[in-house]
Amino acid sequence: MTQGKIVAGVIAPHPPHIVYAENPAQNEPTAECGWETLRWGYERLRNSLESTDFDSIVIFSPHWQTYVGTHFLGVERFQSLSVDPIFPNLFRYHYDLHVDVELSEQICNTAADQGLVTKMMRNPDFRVDYGTIVAGHMTRPAWDKPIVGISSHRLTNYFSADVMQRHMHTLGKATKEAIEKSGKRVLLLASHSLSHRHFTTETELPEDMSKEHISNHSQYLWDMKVIELMRQGKTKELFHLIPDFVEHAVAETDSGALTWLLAAMDFPSKPATLHGYGTVIGTGNAIVEWRLDEGGAS
Amino acid sequence: MSTIQGYILPGLPQPLLTPEANPGYGRLREAFCTVRDEIAASKADVLMIYSTMWPSVIGHQILSRPNPQWTHVDELFHDLGSIPYSFQIDSELAHLYHQKSKERGLMTRTIDYHGFPIDTGSVVALKLINPDNRIPAVVLSSNVYADRAETVVFAKAAKEALEEQGKKAIAITISTLSNRLHQEWIDPKDDRIHSQKDEEWNQKLLEFLRAGRLEDVAQLSRQIHKEARVHKVNNFKSMWWLASLMGEHNRYAGTVHAYEPVSGTGCAVIGLQPANSAARDLEFDESSPEVFAGDRNVLAPSVSHGMSSQSPEPGEGS
């Protein structure tokens, strides 16, 4: 069997606002416009990914929050309605997705072999979280590739960002090993924002872009710092900065998604491609792609 | 009196889904049944539920959908089973609560969407204490960014709405005491409180609440958060809401119906009935705001005080 491969790793932020502004048929609310810099960024990502083929998409989501171990979707098909718990006015999305259960089990088992606490999620009534759905929709709206859904073990909350780093580094390595053994070509999505301090009020028209900006300047400085490191291919330096980024910018990298992604890609020194940056209700969001095959925009 | 009694209830699903897995889970289930019977015998018009397991960002959210229905699965304990539900919500009260909150400077919104994900804690509690939907409920989120002033004012808005509609409520918070879960899968038969430290803090809380010292517990919330809670949010706020709604005093008779470990957390079913005399008021030193004036920007110059973070002395302009 051919050795499997991670074809690309992507930071794919999941604010429900960007699906809302796209007006897909699956989402009940409709918008006039909004968050175009991010939506155009996703468009560039989709164009870039057209030059490669892959079998499955692995999505790590901060909004499937587990306090005991890392969990993996383990049911072949999910069809239901996802209503955002924070922004139900913007995101009520009817989803129909397939899971690569075989790959899911392989990553789960490999991570367990390396000492992590893991669990397969086998309940067919389970509702897939909106972080998985938004990243999946914006990257591949046709939903024609099976996914692997990985939960966020809330280690930063429970222990510290340093403990999270250790565990998610192991999870990333286990993901890489399992993919290589699977013989599949796989796309990785780390579904998260960068700085993550929200506004605590919402404008009457959510897509009123005259009201959208970063929550505070210090967050912006941090976002630019980590983006520059990505663009320069300094992923090891970025890895070591993640705990400070979490503390200073309330970054959603507390979820472990970025640590997992960098470790799974084995800390590429190739510069990443920034497809777009924008704020959503005060948080900083970037669409960033590392191409690990020969094609792509990088 | 708009609130006739109060309860602190745990929100983990084991007492509902697997009460037989551990004798302690069974005792929690029995305690929920006791609460169910007490509520059925009460003259309450509404169950007012503040859930620490429903986080919100855009202020507080108030469930207003008259008859939400779904099949719920917990995101952590999904292997224990699915929970179909159909609840009755006091939509009229929910809307008035929203209005009263706005008048007090708070950001709130009502939630009336099919399929909205009601949290595990609220689902478990309503299934166990109000199985026939005999009394309508109003369910409230815990705003992750709120601190004490905002939470206290939110409770006062509830009181005002209840009084205006002439309704008597049972006030309920959904929360464990200590909330540290074991970090590996355990046989439920071997369940125990996560650590001796958590156990000691739980016992302290139980001692206070048995004595009816609700306001004292509320005043100690910051310390409890620091010592016995995983810091998912910026503070342990449920006691602020409960104490404020119930009158900001210690005149209660507390009953601990059960206290048991569930996956390492401290789960207690506690009832608070109004009493004629108060336990000692030892811990009161925080104010009781009536309106929320917003967050103060401590980094930028303060217009009202002419101060900045660089001012050497309070009151010195920058």
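In which handedness of crossing does α8(A) pass α9(A)? The crossing of α8(A) past α9(A) is left-handed, a term used where the near helix is turned anticlockwise from the far one by less than a right angle, clockwise being right-handed.

The model is predicted, so that local features need pLDDT of at least 70 and side-chain atom pairs count only at pLDDT 80 or more, while totals for chains, interfaces and linings use all residues. Residues are numbered from 1 along each chain as its sequence is written, and chains are lettered from A and ligands numbered from 1 in the order in which they are written.

**The helix pair.** Helix α8 (residues 235-249) and helix α9 (residues 257-264) of chain A have axes that come within 10 Å and cross at roughly 150 degrees; axes are lines fitted to C-alpha atoms, for helices over the stretch in contact, with angles from 0 to 180 degrees between N-to-C directions. The two helices, α8(A) and α9(A), are therefore roughly antiparallel, the word for angles over 145 degrees. Their contact is made by A:T235, A:L238, A:F239 and A:I242 of α8(A) together with A:L258, A:T259 and A:L262 of α9(A), contact being C-beta atoms, placed from the backbone, that lie within 7 Å. By class, this contact of α8(A) with α9(A) has five nonpolar, two polar and no charged residues; Ala, Val, Leu, Ile, Met, Phe, Trp, Tyr, Cys and Pro count as nonpolar, Asp, Glu, Lys and Arg as charged, and the others, Gly among them, as polar.

**Chain A as a whole.** Chain A has nine helices and ten strands, which are DSSP runs (H or I, at least four residues, for helices; E, at least two, for strands) numbered from the N terminus. Its C-alpha trace spans about 55 × 40 × 40 Å along the principal axes, and of the 298 residues of chain A, 55% count as buried, that is, with 20 or more other C-beta atoms within 10 Å of their own (exposed: 12 or fewer; partly exposed: in between; C-beta atoms placed from the backbone).

**Positive phi.** Most residues other than glycine have a negative phi. Two residues of chain A with a positive value are set out below.

| Residue | Phi | Loop between | C-beta neighbours inside 10 Å |
|---|---|---|---|
| A:W143 | near 50 degrees | α4 (130-139) and β7 (147-153) | 16, partly exposed |
| A:I281 | near 45 degrees | β9 (273-280) and β10 (283-291) | 23, buried |

**The interface.** In chain B, 26 residues are in contact with 24 residues of chain A, and the side of chain B that touches chain A has 13 nonpolar, nine polar and four charged residues.

Definitions and conventions:
Contact = placed C-beta atoms within 7 Å. Parallel < 35°, antiparallel > 145°, perpendicular 65-115°, else oblique.
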